[in-house]
Amino acid sequence: MNQPQTGELQALDRAHHLHPFTDFKALGEEGSRIITHAEGIYIYDSEGQRILDGMAGLWCVNLGYGRQELVDAATEQMRQLPYYNNFFKTTHEPAVRLAEKLCQLAPSDINRVFFTGSGSEANDTVLRMVRRYWAIKGRPRKRVVIARENAYHGSTIAGMSLGGMAPMHAQGGPCVPGIEHIRQPYWFGEGRDQSPTAFGQECAAALEAKILELGEDNVAAFIAEPVQGAGGAIIPPDSYWPAIKAVLARHDILLVVDEVICGFGRLGEWFGSQHYALQPDLMPIAKGLSSGYLPIGGVLVGDRVAEALIEEGGEFFHGFTYSGHPTCAAVALRNLELMEREGVIQHVREDVGPYLAKRWSELAEHPIVGEARSLGLIGSLELVADKANGERFDKSLAAGNLCRDLCFQHGLVIRSVGDTMIVSPPLVMTREQIDELVALARQALDDTARHLGITSIN
Ligand code: PMP
């Protein structure tokens, strides 16, 4: 593709397109990068640059790009029945088959699914469903949902209220009432004066303290991501989830595990809940469900909640035009079948997950890296000015954004959250491609250090 077309598209983009999570003015001045096509784990831009997609799109293209089987599934379904709803006592085969498949893959006491169009809609559904559940059970005062600071649960009003992103709350408030946040298990950011074990236990104790403060009779549920994604690929200390489980065992509240990122193989199991041996009542899902080829999400609903809704609930006044969209469902089903057939989960758990852990941890030796962590195929690097004490770069230097931009120049997409660099690549990566990812990240780190005037880099 030639230069004039890039310029023309950038001009039209600037004139008419408001991008998500974007400083519109700054982007207008800079101009968007135009992605033209993609194959495997690589995306290509209109200037002909090949870029390794270390973020799998937006944590979703788990099977990689260019999968003809998914194109075929969409084409066949669009020919036969492109759309029909599931509202008025109707259904169709793709929604039914996908629901059955999801329930086979989920932990054993999850046997129902409510479909949505996205992860945010899934979490809106969660909020309504947990409150509805307790109302049906004759305990309507149990309405508060406890979530965590720096969590991400979506960008609708309910999603952002459940999330713990302070800048979002500041712009979109007031938040939905009845949502409380506790501290996050972010050891590198908030706990380095203690051992990871002690810190993980302390963060779990915050859940119990919050339940007691609010009164168990007022608490509906606790919601959390197994590994926080958008917050910075934050892998909790090993002590955290067992201690949370112990707290939940002492109190009658529901557990909601947000699987929008961790679901569908990211941690080397079908669901992050299986990695941490959690038994959620509800699991919001999206993204990797269709490898991002078409938008689809949902909530996997455990028997306890489903049976109350079915047996005692009457009509649940909730749903979306695209709940269980047949074309999206057909693609999602084919995606799950391919993941099974190709052994993608084992590939992550036994091969590339451990391999990434080994290669990624080597980056911890870099002069500006304070920590390199990964689990399955999600990982992050903490950029620091001083390795000895973990001191961060001055905020004005925007080291994370600088590093992200330099990664792009080197042909690698990784994302920055403050000065935390994140990777979450397609699950079908090979070891050689992980070597390539790590080599590109190292070059970008060297460049970042040079730009920041770190003298130990030559
Ligand atoms: N939950 C989590 C954990 C997420 O990471 C996201 C999206 N990044 C969402 C919910 C919201 O999903 P969507 O963008 O599809 O609405």
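Two strands pair if DSSP finds at least two bridges between them. The exercises below use this rule on a predicted model.

**Exercise 1.** Which residue of β12 is the bridge partner of S374? Place this bridge in its sheet.

*Solution.*
- Step 1. S374 is bridged to G379 in β12.
- Step 2. Strand β12 covers residues 378–383 and is joined to β11 by six bridges, the two strands running antiparallel.
- Step 3. The sheet is open and has four strands, in the order β11-β12-β15-β14 with antiparallel pairing.
- Step 4. At its edges stand β11 (369–375) and β14 (415–417); each has a single partner strand, so one side of each lacks a neighbour in the sheet.
- Step 5. On average, neighbouring strands of this sheet are turned by 20° against each other, direction ignored.
- Step 6. Helix α15 (residues 344–361) lies across β11 and β12, at about 175° to β11.

**Exercise 2.** Is A233 buried or exposed? Find its surroundings.

*Solution.*
- Step 1. A233 sits in the loop between β7 (219–224) and α11 (240–249).
- Step 2. The cut-off for a buried residue is 20 or more other C-beta atoms within 10 Å.
- Step 3. A233 has 24 other C-beta atoms within 10 Å and is therefore buried.
- Step 4. Leaving out residues up to four places away in sequence, A233 touches V227, I378, G379, S380 and I422.
- Step 5. R373 is 140 residues from A233 in sequence, yet their C-alpha atoms are 8.6 Å apart.

**Exercise 3.** How many residues surround the ligand, and which are the closest?

*Solution.*
- Step 1. The ligand is surrounded by 16 residues, the closest being S118, G119, S120, G154 and V260.
- Step 2. By class, five are nonpolar, nine polar and two charged.
- Step 3. Helix α6 (residues 119–136) supplies the largest share of the shell, three residues.

Key. Residues are numbered from 1 along each chain as its sequence is written. This is a predicted model: local features need pLDDT of at least 70, side-chain atom pairs count only at pLDDT 80 or more; totals for chains, interfaces and linings use all residues. A residue is near a molecule or strand if its C-beta atom, placed from the backbone, lies within 6 Å of it. Ala, Val, Leu, Ile, Met, Phe, Trp, Tyr, Cys and Pro count as nonpolar, Asp, Glu, Lys and Arg as charged, and the others, Gly among them, as polar. A residue is buried if 20 or more other C-beta atoms lie within 10 Å of its own, exposed if 12 or fewer, and partly exposed in between; C-beta atoms are placed from the backbone. Two residues are in contact if their C-beta atoms, placed from the backbone, lie within 7 Å. Axes are lines fitted to C-alpha atoms, for helices over the stretch in contact, and angles run from 0 to 180 degrees between N-to-C directions.
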